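Visitor: I should like to learn how to read a protein model, feature by feature. May we begin as soon as the model is displayed?

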Amino acid sequence: MKKRIVALLSVAVMIISCFALTGCGSSDSDSDKDYSDLAYVKDKGTLVVGITDFAPMDYKDKDGNWIGFDADLAKAYGKSIGVDVEFIEINWDSKEMELENKNIDCVWNGMTLTDGVKEAMECSNAYCNNAQMVVVNKNKADSIKDIKDCKDLTFAVEAGSAGEEQAKENDLNATGVETQSDAVMEVSAGTADACIIDSLMAGAMVGEGTSYPNLVGTIKLSEELYGVGFRKESDMAKSLNEFLAAAYDDGTVKKISEKYGTSESVIKPE
């Protein structure tokens, strides 16, 4: 009899503990519903932005500070929500993992809103137009009229990028490198015949008056849109959308775009 009473008391204690600690499973789901990514970022006081070296969107000035259209826009957003902004260079192919592990809070680096990106992240509204462009040495440019002229070329592409997707989609002979800048360097060095990079980057990096005057942009393979990516279901996407709309209306976006030569690509966020 005593054993039975002890057993019943043990069960009762377990049930009470379950309700006290977890609500028998309900509190976990409730806490998930109440979780705010925006509150998390405000609480730690820093928005950590994952980027690559990508002029004119994110690149370093002579003093080693990150500047660019995206960098300055991110700083303005950080100021609007009362936090500092920290930029961390990431491996583009691992951007989703960096977000999941909270090593970064967003990906803000001229990111194309592909189906894969939209499936893996909570994305902002589009704020820029872009295209994927084939870049070659200027002595090859006249021979590149359409995608068929690219079939025998060797390409360098940033791993995990929209450029790599285009290379695969068009069955091109492509090797993945760490950044778009690396892809450009491969072409300049002659270790690749061509690369596929964002047209915004091509406008800033190749051609007369740039660091690579021997290279030129040729055909465009796709038209696309840029957006910012957050953790899935993050409330920061909505917060950024509100900021982008206000910044467009008050002239902040225009001022930054004029500074970095991206005015023709900027679009009004929905």
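Visitor: Which residues form one aromatic cluster together with W108?

Guide: The cluster consists of Y77, W108 and F243. Please keep in mind throughout that this is a predicted model. The count of aromatic pairs comes to four. In one of them, the ring centres of Y59 and Y260 are 6.3 Å apart and the planes stand at 90°, so the pair is edge-to-face. This pair links distant parts of the chain, for Y59 belongs to strand β2 (residues 59-60) and Y260 to helix α11 (residues 252-260), 201 residues apart.

Visitor: Are Y59 and Y260 buried or partly exposed?

Guide: One compares the relative accessible area with a cut-off: under 20% is buried, and over 50% is exposed. Y59 has 24% relative accessibility, so Y59 is partly exposed. Y260 has 11%, and therefore counts as buried.

Visitor: How many helices and strands does the protein have, and what share of its residues is buried?

Guide: The protein has 11 helices and 11 strands. Of its 270 residues, 48% count as buried. One may also ask how far along the chain the contacts reach. Among contacts between residues at least 6 apart in sequence, 71% join residues at least 24 apart.

Visitor: How should I read the nonpolar core, and which residues have the most contacts inside it?

Guide: One looks for buried nonpolar residues whose side chains are joined to one another. The largest such core here has 51 residues, and F69, L73, Y77, W108 and Y127 have the most contacts inside it. Helix α10 (residues 236-249) gives the largest share of this core, namely six residues. Another core, of 14 residues, lies apart from it and includes V134, A141, A167 and A194.

Visitor: What does Y77 touch?

Guide: Setting aside residues up to four places away in sequence, Y77 touches L38, L47, W108, M236, S239, L240 and F243. Two of these, W108 and F243, are its partners in the aromatic cluster.

Visitor: How does one read the sides of a helix, and which residues of α11 are buried?

Guide: One asks where the buried residues point around the helix axis. In α11, the buried residues are V253, I256, S257 and Y260. Seen down the axis, they fall within an arc of 100°, so they line one face of the helix. On the other side of α11, K254, K255, E258 and K259 are exposed. The elements that cover the buried residues of α11 include β2, β3 (66-67), α4 and α10. Just after this helix, G261 takes a positive phi of about 70°.

Visitor: Which residues are buried in helix α3?

Guide: In α3 (residues 37-44), the buried residues are D37, L38 and V41. They lie on the same side of α3, because they cover an arc of only 105° around the axis. These buried residues pack against β1 (46-51), α4 (69-80) and α10. At the start of α3, a side-chain oxygen of S36 comes to within 3.4 Å of the backbone nitrogen of L38. Just after α3, G45 has a positive phi of about 80°.

Visitor: With which side chains does the side chain of D37 make polar contacts?

Guide: The side chain of D37 has a polar contact of 3.0 Å with that of Y35, and another of 2.9 Å with the side chain of S234. D37 counts as buried because its relative accessibility is 3%. Beyond its neighbours within four places in sequence, D37 is in contact with R231, S234, D235 and M236.

Visitor: How many disulfides are there?

Guide: One looks for pairs of cysteine sulfur atoms that lie close enough to count, and the result here is zero disulfides. As for individual cysteines, C106 is buried, with a relative accessible area of 0%. C150 is also buried, at 0%.

Visitor: As a last example, where is A174 found, and what is A174 in contact with?

Guide: A174 is found in strand β9 (residues 173-177). At 33% relative accessibility, A174 is partly exposed. Leaving aside neighbours within four places in sequence, A174 is in contact with F155, V157 and A167. Distance in sequence and distance in space are separate readings: A174 and I196 are 22 residues apart in sequence and 9.4 Å apart in space, from C-alpha to C-alpha.

Definitions and conventions: Residues are numbered from 1 along each chain as its sequence is written. Side-chain values use heavy atoms; hydrogens and water are left out. A nonpolar core is a set of buried Ala, Val, Leu, Ile, Met, Phe, Trp, Tyr and Cys residues joined through side-chain atoms within 4.5 Å. Buried means under 20% relative accessible area, exposed over 50%, partly exposed in between (1.4 Å probe, protein chains only). Helices (H or I, at least four residues) and strands (E, at least two) are DSSP runs, numbered from the N terminus. Contact means heavy atoms within 4.5 Å. A disulfide is a pair of cysteine sulfur atoms within 2.5 Å. The arc is that of the directions from the helix axis to the C-beta atoms. A polar contact is a pair of N or O atoms within 3.5 Å; within protein, one must be able to donate a hydrogen and the other to accept it, and residues adjacent in sequence count only if both atoms are side-chain atoms. Rings of Phe, Tyr and Trp (its six-membered ring) pair if their centres lie within 6.5 Å; planes under 30 degrees apart count as stacked, over 60 as edge-to-face and the rest as tilted.
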